[in-house]
Amino acid sequence: DVCSSDLEAMLLRDGDAAGAAVAEDVQERGRQFATDAAYWTGAAELLLRAGRTEDFNAVLKKLESLQQKPAVRLRAVAAVRRGEPEEAEAILQEAGKGASSEDVRAVLAARIEYALDRGRSDEARSLLAAMAEASANDLDCRYRLGQSAVERGDMEEATRWERELQRLEGTGGAYWQFLQMRQAAMQALKGNAEAQTRAVAFSHDLSVRRANWSASQLAVGITAELQGQWSSAAAAYRAARQKGRPDAYTIGRLVSLLLTRSKSADAMVELDATPEELLYSPDLLPLAVDAAIADGKPARAREWAEAALARRPNHAGLQASLAQALLADAPQDSRGPARSALSQAVQWRPADPSLWLGFLALGVDPAAADGLNEAAATLQGLTAIFDAQTKPTDRTRAFYAAARGYQLSGDYPAAERFYRQAIAQEIGRAHV
C-alpha cells in the first residue's frame, strides 16, 4: 500500500529506475506471500502502472499457477498493451455485470493511450467521450476533450465542454475558466484583438483568484506570449512548473518559447531537470530532440529518442524523432536507419506532414544525383495531404512542411508562398 501511494511521485522523479525498484520489491516481498492470490493481484496492478510489462506478465502467470483467474481489468488492459484492443472488449463483454465501472474506465484509458500512440486522434477522442459518458462527474475527461477541441480549432465543441465543466464546477470553477482563456487565446492567434483582450482578462482573473494554482501561471504565460512579452512568458511558465506537478504541456510551452528565442542552452537546462517519464513522452520528446540538435548535442538527441522508443516502440511520432536524431548525429551513415524508422512511422500515420518532411530531408542529398528528383516526388505526395486537411492546426503543419520541403529542394519562391499560407492559418507562430 505504501509503495502504491508513492508510485506516481517515484515514477515522475526517477523514471525507469523507480519501475525497476518496484519490480524488485514485488519479488522480494512475494517470498512472504508465495501463495497469496490477493498479494499477487495487487502486485500486478502496481507493475502495470509502473509500465513493467514483462514483470506484469510474469505475475499473471503466477496468478494462473495459483488457479486464480486474473482480474478482468488486468487481463483486458494487458490485451490492449499487446495491441489487441478487440480482445480487451471481448474480455469485458464476457465478464458482463462482473466488470466494474473501474474496470471499464481502466480499459478505456489504456485504449486511449494505444490510439494516441498510433496517431489515431479521432479514435482517442471518441474513447474519451465514452469515458466521460460513463462517469457523469469526471472533470478531467471533459477538460481533456475541451483542450483537444481548442487545439483542433473546433470552438463549438470546446464551448460544449466548457459549459459541461461550468455545470459541474459552478461559477467559480477554474477548469472551465482556463478553457475559456484557451479559446480566446487561440482566436487571438488569428489576429482577433478583442479575443486577445479577453484572454488577458481571463488569465489575470485566474492569477488573482487562484494564485497558487499552476494553471493560473500557465494562463499568464500563454497570454504574455501572445503579447510578445517573452521574458514574462518564460517566468510565468517556470512559476507554473514550480507550483504544480510537472506536466509535458507546460514544459513544452517553455522549451518551445526558448527555442524560438534561440536559447537552446536554456532549453536544455529545463529538459535536463525534467523527469524521464515526461521527457520521453510523445508530447515532449520531439521538442527535446530539436533542442539537443540546436544546442549541438545530436548524440544526446539520439539517446533520448532511442530511450523514448524503448518505452513506446510502436509510436509513429517517436520513430520520426529518431530519424531526425540519426541524421543529425551521423548524416552520412544514418540515411538507411533513418529511412527505416520513417517508413515504419508512415505505415501508422500516412497523412502526417512531419513524416513526409523527414523524407524530404533524406531525399535532398547533394552527394546523390537523384536527390532533388526524389524530393520533388515526395512534395507531390505532400500536396495531396495538405489539401485534405480541414483543421487549422493540421493545415498549419501541412503548409509548414511543404514550405520546408521546397526550401530544402531550392525552390525558394514556392517555399515563401507556403510559409505565408502557414502564417495565414495561425498568426503568431514564431518559428513559421
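Which helix holds T250? In this predicted model, T250 lies in helix α15, the stretch that runs over residues 248–260. T250 counts as buried because its relative accessibility is 5%, and the cut-off for buried is under 20%. What does T250 touch, once its neighbours within four places in sequence are set aside? The partners turn out to be L218, Y237, A240 and R241.

A similar look can be taken at S203. This residue sits in helix α12, which covers residues 193–209. With a relative accessibility of 3%, S203 also falls under the 20% cut-off, so S203 counts as buried. Not counting residues up to four places away in sequence, S203 is in touch with M181, A219, V220 and T223.

Next comes helix α9, made up of residues 139–152. Its 14 residues, at 1.5 Å a residue, should span 20 Å, and the C-alpha atoms at its ends are indeed 20 Å apart, so the two values agree. How much of α9 is covered? Mostly, the helix is tucked away: 10 of its 14 residues are buried. Among them are C141, R142 and Y143, and the list also includes the run L145, G146, Q147, S148, A149 and V150, along with R152.

Both ends of α9 have a detail to point out. At the start, D138 uses a side-chain oxygen to reach to within 3.0 Å of the backbone nitrogen of D140. Just after the helix, G153 takes a positive phi of about 80 degrees.

Note on methods
Residues numbered from 1 in each chain as written. Predicted model: local features only at pLDDT ≥ 70, side-chain atom pairs only at ≥ 80, totals over all residues. Heavy atoms only, no water. Helix = DSSP H or I, 4+ residues; strand = E, 2+ residues; numbered from the N terminus. Buried < 20%, exposed > 50% of the residue type's maximum accessible area, 1.4 Å probe, protein only. Contact = heavy atoms within 4.5 Å. Expected span 1.5 Å × (residues − 1). Polar contact = N/O pair within 3.5 Å; in protein donor to acceptor, adjacent residues only side chain to side chain.
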